[in-house]
Amino acid sequence: MNSATGTGRDVIFVDVMVYNCTFDGLKTAKRGGAIYAWYVDGYIIIDKSNFYNMDVSQWGGAVCVGYSPDVNVGIYDSKFENNSANNG
């Protein structure tokens with residue numbers, strides 16, 4: 001991973017692929033039950049994966065991407081069922 005500064009925050013450059021994975025019953029006190037990306041640039045690809053029964057107290061029941069205007073997220077042939085977050 002590489003990082004750069006300039007806006008007062010570090011930005012991490014990532015390329016991530018989640019392929020043929022199942023996430024079930026995860027809980028977190030903050031954000032993103034299975035995937036949490038904050039201040040990142042790059043690609044996040046989710047393909048043929050399942051996200052079930054996540055319970056998150058803040059944002060992003062299964063996946064949370066925030067403050068990342070230059071990140072590209074692609075979700076293909078994946079299931080999201082019974083995931084919840086208090087703030088969306």
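Ile75 sits in strand E10, which covers residues 71-76. Strands (E, at least two residues) and helices (H or I, at least four) are DSSP runs, numbered from the N terminus. Ile75 has a relative accessible area of 44%, so the residue counts as partly exposed. Three classes are used here: buried is under 20% relative accessible area, exposed is over 50%, and partly exposed lies in between, with a 1.4 Å probe and protein chains only.

This is a predicted model, in which local features need pLDDT of at least 70 and side-chain atom pairs count only at pLDDT 80 or more, while totals for chains, interfaces and linings use all residues. Residues are numbered from 1 along each chain as its sequence is written, and side-chain values use heavy atoms, with hydrogens and water left out.

**The surface patch**

Ile75 shares a nonpolar surface patch with Val65, Val73 and Phe80. The patch measures about 300 Å². Patches are made of residues with over 30% relative accessible area and no salt bridge; like charges are joined within 9 Å, nonpolar side chains (Val, Leu, Ile, Met, Phe, Trp, Tyr) within 5 Å. Accessible areas come from the Shrake-Rupley method with a 1.4 Å probe, and for residues only the protein chains shown count as cover.

**The chain as a whole**

The chain has twelve strands and zero helices. Along the sequence, the pattern is β-β-β-β-β-β-β-β-β-β-β-β. The chain has 88 residues, and 33% of them count as buried. Its accessible surface comes to about 5500 Å². Carbon and sulfur atoms hold 47% of that surface.

Contacts (heavy atoms within 4.5 Å) reach far along the sequence. Among those in the chain with a separation of 6 or more, 80% join residues 24 or more positions apart.

**Parallel strands**

E4, E8 and E12 form an open sheet of three strands, in the order E4-E8-E12, with parallel pairing. E4 and E12 (84-85) are the edges; each has a single partner strand, so one side of each lacks a neighbour in the sheet. Two strands pair if DSSP finds at least two bridges between them. E8 and E12 run parallel and are joined by two bridges. Val56 has Ala85 of E12 as its bridge partner.

Strand E5 (residues 35-38) alternates its side chains. Ile35 and Ala37 point to one face and are buried; Tyr36 and Trp38 point to the other and are not. Four bridges join E5 to strand E9 (residues 63-66), and the two run parallel. Ile35 has Val63 of E9 as its bridge partner.

Gly66 also belongs to E9. Gly66 is buried because its relative accessible area is 9%. Leaving out residues up to four places away in sequence, Gly66 touches Ala37, Trp38 and Tyr39. The C-alpha atoms of Gly66 and Trp38 are separated by 4.9 Å, though the two residues are 28 residues apart along the chain.

**Salt bridges and cysteines**

Side chains of opposite charge can pair when their charged atoms come close. The whole structure holds two salt bridges. A salt bridge is a side-chain nitrogen of Lys or Arg within 4 Å of a carboxyl oxygen of Asp or Glu.

| Pair | N to O distance |
|---|---|
| Lys27 and Asp55 | 3.7 Å |
| Lys48 and Asp47 | 3.8 Å |

The pair of Lys27 and Asp55 links distant parts of the chain, 28 residues apart: Lys27 is in strand E4 (residues 27-28), Asp55 in strand E8 (residues 55-56). Lys27 is exposed, at 63% relative accessible area. Asp55 is partly exposed, at 35%. In the other pair, Lys48 is partly exposed, at 37%, and Asp47 is buried, at 14%.

Disulfides (pairs of cysteine sulfur atoms within 2.5 Å) number zero in the structure. Cys21 is partly exposed, with a relative accessible area of 27%. Cys64 is buried, at 7%.

**Two loop residues with positive phi**

Lys48 appears again here. It lies in the loop between strand E6 (40-47) and strand E7 (50-52). Lys48 has a positive phi of about 50 degrees, although it is not a glycine. Asn53 lies in the loop between E7 and E8. Asn53 is not a glycine either, and its phi is positive, near 55 degrees. Asn53 is partly exposed, with a relative accessible area of 34%.
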